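I opened this entry to look up how two parts of a chain meet, and then what surrounds the ligand.

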Amino acid sequence: MIFLDNAGTTSMFKECVETYSFYACDNFYNPSAVSRKSAFVHAKLDEVRRDVLKKLGAVKGSVIFTGGATESNNLAIYGAVKNGDFEYVFSSGEHPSVYNVAKALELEGKKVHFVNLDKDGRVNLSELEKVVNNKTRLISCMLVSNETGAINDIKKIVELKNQLAPKALVHVDAVQGFMKIPFSVEDLGADMLSFSAHKFHGPKGVGGLYVRSMQLIKNIFDGGGQEFGLRSGTENVPGIMAMQTALLKIDVKENYKHVSKLKEKFNEIVGQESGIKVLDFLGSPYIEVLIFSGVKGETMLHALEEKGVIVGLGSACSAKKAGNRILENIGYNKDEILSSCRVSFNAYMSESEIEEAGKIIAMVYKDMLKRLS
Ligand code: PMP
């Protein structure tokens with residue numbers, strides 16, 4: 001099976017399983033207890049925190065471990081909410097774990113602005129500029145779109161924020177960027193940044209939130225006060241340690257180069273089959289969209305799985321819902337959206353696998369058109 005839905009999730013490195021087992025069965029101690037064994041585990045978590053900060057290129061701030069990016073995004077946004085005359089700004093391209101939180105804030109009566117995407121799938125900066133003002137409390141914008149791979153200019157957004165709303169916070173959902181595309185949080189200038197281990201070959205249900213300072217947000221649920229009081233609950237030690245194993249194994253720059261080559265090769269092959277439109281948003285090499293004119297994306301997905309290739313239908317979290325609010329916002333029509341599939345690569349695939357997948361996709365589409373004509 002050739003798996004081309006790596007933006008949905010990735011397979012965990014085998015080494016992570018060994019680490020997981022070591023911290024689940026041998027060194028299973030509660031990091032908050034007082035024994036020496038617990039102190040050892042506690043120190044190990046701090047070591048991972050430092051490794052994450054290093055990979056983020058952070059010179060200040062800390063990392064709060066969470067149960068994945070959905071939780072990180074909720075913590076960042078609800079944690080930043082303040083009573084009073086404040087406004088909140090979101091891109092329309094956000095993942096449901098941000099977008100639906102924004103909708104919930106709106107329902108609560110908060111002033112929420114959604115900024116549309118431009119034709120390249122990026123947040124429209126001139127529109128953003130018009131809604132940011134001195135009442136803005138938070139701007140939340142993803143780094144890499146999980147639907148299209150488009151990359152937002154976070155640095156520019158932070159610059160605009162500094163001019164128009166210096167006290168506002170900028171949160172970045174970097175789930176599809178962290179450990180995949182080279183960036184540094186210092187360079188972006190973000191105050192908070194979410195990431196998730198299962199998108200880079202670590203375990204599911206583990207992630208974190210980078211915060212420039214602990215004082216920026218409040219906790220969103222009460223408990224024992226773990227994670228600096230910002231995320232109560234015993235940490236998922238085996239999961240966090242397994243995430244470290246993945247983190248240390250990955251060479252972001254090398255992987256980026258390899259995946260760029262894979263994407264180029266893949267596009268060369270599928271591009272030869274007239275009718276398959278490649279929507280390459282010139283963003284992350286890890287993600288792109290294919291439009292199979294005349295055939296439903298879902299029909300293609302099932303036919304491809306029969307032939308050994310798994311593609312995606314946009315975000316797994318919203319894949320079962322009809323349509324695609326992101327492609328719609330960019331300006332694609334209903335027919336194009338219904339005939340689209342998302343293709344996403346990982347850095348451990350070979351060129352020959354990609355060639356084979358490309359050929360299968362082209363062949364299945366050709367057969368499908370013949371059957372329908
Ligand atoms: N944000 C983005 C951009 C994502 O792609 C995902 C996963 N589909 C999430 C957030 C949610 O991450 P998790 O599965 O760790 O909750």
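I looked first for polar contacts across the interface of domain 1 and domain 2, and the rule gives twelve residue pairs, both residues at pLDDT 80 or more. A polar contact here is a pair of N or O atoms within 3.5 Å; within protein, one must be able to donate a hydrogen and the other to accept it, and residues adjacent in sequence count only if both atoms are side-chain atoms. I then looked for salt bridges (a side-chain nitrogen of Lys or Arg within 4 Å of a carboxyl oxygen of Asp or Glu), and across this interface the rule finds zero.

I noted the conditions. The model is predicted, with local features needing pLDDT of at least 70 and side-chain atom pairs pLDDT 80 or more, while totals for chains, interfaces and linings use all residues. Residues are numbered from 1 along each chain as its sequence is written, and side-chain values use heavy atoms, without hydrogens and water.

I checked the division next: domain 1 covers 2–9 + 251–372 and domain 2 covers 14–249, with bounds from an automatic or database domain assignment. Their centres, taken over C-alpha atoms, are 27 Å apart. With contact meaning heavy atoms within 4.5 Å, 29 residues of domain 1 touch 30 residues of domain 2.

I looked up the buried area, the accessible area (1.4 Å probe) that two parts lose on being put together, summed over both. It is about 2500 Å² between the domains, and carbon and sulfur atoms give 57% of it. Val252, Arg325 and Asn329 supply 23% of what domain 1 buries against domain 2, more than any other three residues.

I turned to the ligand. It has 15 residues around it, and Thr70, Asp173, Gln176, Ser196 and Lys199 come nearest; near means a heavy atom within 4 Å. A side-chain N or O atom of Ser196 is 2.6 Å from a ligand oxygen. A backbone N or O atom of Ala69 lies 2.9 Å from an oxygen atom of the ligand.
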